[in-house]
Structure formats: C-alpha cells, structure tokens
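Biologist: Please choose one part of this chain and take me through it slowly, as I am new to reading structures. I would also like to know how that part fits into the chain around it.

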Amino acid sequence: PNLCNLEHLDLSENEIDAVSGTLIGRCLSSLVFLNAIHIGANPMTSAGAQVVVDGLSGARVHTLAMQAVKLGESPISLAQLSLIQSVDLGENCMDPQAVYSVLESLGRATSLTRL
C-alpha cells in the first residue's frame, strides 16, 4: 500500500522482535511525513529498536513511544531525531550508562519537551 502520507503509526503490543524491528526500520525511510510512532511493549531489544530509530532519519518525528521494548544494558542513539519533542522509554530496565548514552544522543534535539 502507498503510505507515503502517513503521519501516525502505532505498532505497540504486536510481538515485534529484533528481526521484525529490523524489517520495519528499513521500511520507515519512505514515511517522510511521519510525526509519531508508538512501538512500545514489543520484545525487539536494543538491536531492533536502533534499526527502527535509524529508519526514521528522513522523517519529521516529534513523538517516539518506545516503552517496554527490552533495551536493558545496550544503549541506543536518538541523534538522528533532531525534531523530536517527546520520548517515552519507560519500563526498559536500562542501566545508568545506557540512560546516559540516550541522553547524550539527544543533544541536538532542541525541541525536546518531554522525556
């Protein structure tokens, strides 16, 4: 289907694992009008989550909800989301170094109002 004008995508609670997250991430680059994505409550781990985030680099994403995706100890980078306003990473049991890495990667996100 032609989804090029899609603005909001909710894939939460769909049992998306790291492999599926990688496939989804590859498809996201064509969604240039996407401004909100919800992928929480999926067992994708940080590997799948990073590919999803990387796939958003061409989009104007303002909202990223990625709670309970099992990030754990592996940090992810959100540096490519320069227009991000709201990030939800709750319920990920992230260690302090992973949290620091995420915060550091948001350094260019001047519009961030909710974390």
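Modeller: A residue is called buried when its relative accessible area is under 20%, exposed when it is over 50%, and partly exposed in between. Cysteine 4, at 32% relative accessibility, therefore counts as partly exposed, while cysteine 93, at 74%, counts as exposed. Please keep in mind throughout that this is a predicted model.

Before the close look, the setting helps. The chain has 3 helices and 4 strands, and, read from the N terminus on, these elements follow the order β-α-β-α-β-β-α. Its C-alpha atoms fill a box of roughly 40 × 30 × 20 Å along the principal axes. For 115 residues, a compact globule would have a radius of gyration near 13 Å, and the chain agrees with this because its own value is 13 Å. Of those 115 residues, 39% are buried. Among the contacts with a separation of 6 or more, 72% join residues that are 24 or more positions apart.

The part I choose is asparagine 42, which is placed in the loop between strand S2 (36-38) and H2. Is this loop residue buried or exposed? Asparagine 42 has a relative accessibility of 1%, and so it counts as buried, given that the cut-off for this word is under 20%. Which residues does asparagine 42 touch, once its neighbours within four places in sequence are left aside? The contacts of asparagine 42 include Leu11, Ser12, Glu13, Asn14, Glu15 and Ile16, and also Ala68 and Val69.

Each of these groups can be followed a little further. Alanine 68 is itself a loop residue, lying between strand S3 (63-65) and strand S4 (86-88), so that the contact with asparagine 42 links one loop to another. Alanine 68 has a relative accessibility of 24% and therefore counts as partly exposed, and its phi is positive, at about 55 degrees, although it is not a glycine. On the other side, Leu11 and Ile16, which are among the contacts of asparagine 42, are also in contact with isoleucine 24, again leaving aside neighbours within four places in sequence. Isoleucine 24 is found in helix H1 (residues 18-27) and is partly exposed, with a relative accessible area of 22%.

The loop that holds asparagine 42 leads on to H2, the helix of residues 45-55, in which threonine 45 lies. The phi of threonine 45 is near 60 degrees, which is a positive value in a residue other than glycine, and at 31% relative accessibility threonine 45 counts as partly exposed.

Away from this part, the C-alpha atom of isoleucine 24 is separated by 26 Å from that of aspartate 95, and the two residues are 71 residues apart along the chain. Helix H3 (residues 96-105) holds valine 99, which is partly exposed at 34% and makes a nonpolar surface patch of about 260 Å² with Leu103 and Leu115.

The cysteines, finally, give 0 disulfides. For cysteine 4, the closest cysteine sulfur is that of cysteine 27, and because the two are 14 Å apart, they are too far for a bond; a disulfide would need the sulfur atoms within 2.5 Å.

Key: Residues are numbered from 1 along each chain as its sequence is written. This is a predicted model: local features need pLDDT of at least 70, side-chain atom pairs count only at pLDDT 80 or more; totals for chains, interfaces and linings use all residues. Side-chain values use heavy atoms; hydrogens and water are left out. Patches are made of residues with over 30% relative accessible area and no salt bridge: like charges are joined within 9 Å, nonpolar side chains (Val, Leu, Ile, Met, Phe, Trp, Tyr) within 5 Å. Accessible areas come from the Shrake-Rupley method with a 1.4 Å probe; for residues, only the protein chains shown count as cover. A salt bridge is a side-chain nitrogen of Lys or Arg within 4 Å of a carboxyl oxygen of Asp or Glu. Helices (H or I, at least four residues) and strands (E, at least two) are DSSP runs, numbered from the N terminus. Buried means under 20% relative accessible area, exposed over 50%, partly exposed in between (1.4 Å probe, protein chains only). The radius of gyration is taken over C-alpha atoms; the globule rule is 2.2 Å times the number of residues to the power 0.38. Contact means heavy atoms within 4.5 Å.
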